[in-house]
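Here's a quick briefing on the model you have in front of you. Have a look at the fold first, then read on.

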Amino acid sequence: MPKDDSWNVVYAYSREQAIADGVLVDVTEAAKAIGFKLHTVVTDHLFHGYVEVPVGLEGEGQSIAGRLHDLMVLALFAARRAVNTDRVTFKVDFLMAPGRKETVEVVAHIGPGDHGEPVLTIMLPEDD
């Protein structure tokens with residue numbers, strides 16, 4: 001963020017701090033493997049609520065890596081369809097219990113990072 005002496009910043013919470021605190025989960029390496037070129041995070045609400053495998057699904061072929069891969073592929077497809085926008089929404093089906101899927105609306109947003117660089121945040125609508 002550019003320094004502007006006319007503003008008196010009372011408090012700032014950086015993306016780096018949010019990652020360190022666990023509010024954002026860095027998934028950049030998984031995102032790069034799919035084709036994204038930006039630093040990428042998932043909100044803790046999305047990660048812990050849907051990407052992490054719910055108890056009881058261990059024998060159902062579910063894994064964090066697989067669920068994250070599916071999320072990132074769908075985000076990439078949605079991003080490729082987007083034109084002239086900094087955010088897209090898309091739906092993801094997550095297996096939440098044996099035989100029970102939950103369809104979740106997800107938002108992918110490109111915005112400025114701590115130093116003004118473009119970064120990607122993937123989140124639930126209420127996390128925005």
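A salt bridge here is a side-chain nitrogen of Lys or Arg within 4 Å of a carboxyl oxygen of Asp or Glu. With that cut-off in hand, D86, R87 and D128 turn out to be linked in a network of salt bridges. Keep in mind that this is a predicted model, where local features need pLDDT of at least 70 and side-chain atom pairs count only at pLDDT 80 or more, while totals for chains, interfaces and linings use all residues. Residues are numbered from 1 along each chain as its sequence is written, and side-chain values use heavy atoms, with hydrogens and water left out.

**Salt bridges**

- Searching the whole structure turns up three salt bridges.
- R87 takes part in a bridge with D128, at 2.6 Å from N to O. That contact ties together distant parts of the chain: D128 sits in the segment after strand 5 (118–123) and R87 in strand 3, 41 residues apart. (Strands are DSSP E runs of at least two residues and helices are H or I runs of at least four, both numbered from the N terminus.)
- R87 also meets D86, this time at 4.0 Å from N to O.
- How exposed are the members of this network? Relative accessible area sorts them: under 20% is buried, over 50% is exposed and anything in between is partly exposed, using a 1.4 Å probe and protein chains only. D128 is exposed at 59%, whereas D86 is partly exposed at 40% and R87 is partly exposed at 31%.
- E102 and R100 make a bridge too, with their closest N and O atoms 3.8 Å apart. Both ends are partly exposed, E102 at 26% and R100 at 43%.

**The sheet**

- Five strands make up an open sheet with mixed pairing, in the order 1-2-5-4-3; two strands pair if DSSP finds at least two bridges between them.
- Strand 1 and strand 3 are at the edges with a single partner strand each, so one side of each has no neighbour in the sheet.
- From one strand to the next, the twist averages 30°. For angles like this, axes are lines fitted to C-alpha atoms (for helices, over the stretch in contact), and the values run from 0 to 180 degrees between N-to-C directions.
- Strand 2 (residues 39–43) runs parallel to strand 5, and four bridges join them.
- Which residue stands opposite V41 in strand 5? T121 does.

**Aromatic pair**

- Rings of Phe, Tyr and Trp (its six-membered ring) pair if their centres lie within 6.5 Å; planes under 30 degrees apart are stacked, over 60 edge-to-face and the rest tilted. The count by that rule is one aromatic pair.
- Y50 and F94 form this tilted pair, at 5.4 Å centre to centre with 35° between the planes. It's another link between distant parts of the chain: Y50 is in helix 3 (residues 44–51) and F94 in strand 3 (residues 87–97), 44 residues apart.
- Both rings belong to buried residues, with Y50 at 14% relative accessibility and F94 at 3%.

**Nonpolar surface patch**

- V10, Y11, Y13 and V23 make a nonpolar surface patch of about 460 Å².
- V23 lies in the loop between helix 1 (15–21) and strand 1 (24–26), and is partly exposed at 36% relative accessible area.

Technical notes: Patches are made of residues with over 30% relative accessible area and no salt bridge: like charges are joined within 9 Å, nonpolar side chains (Val, Leu, Ile, Met, Phe, Trp, Tyr) within 5 Å. Accessible areas come from the Shrake-Rupley method with a 1.4 Å probe; for residues, only the protein chains shown count as cover.
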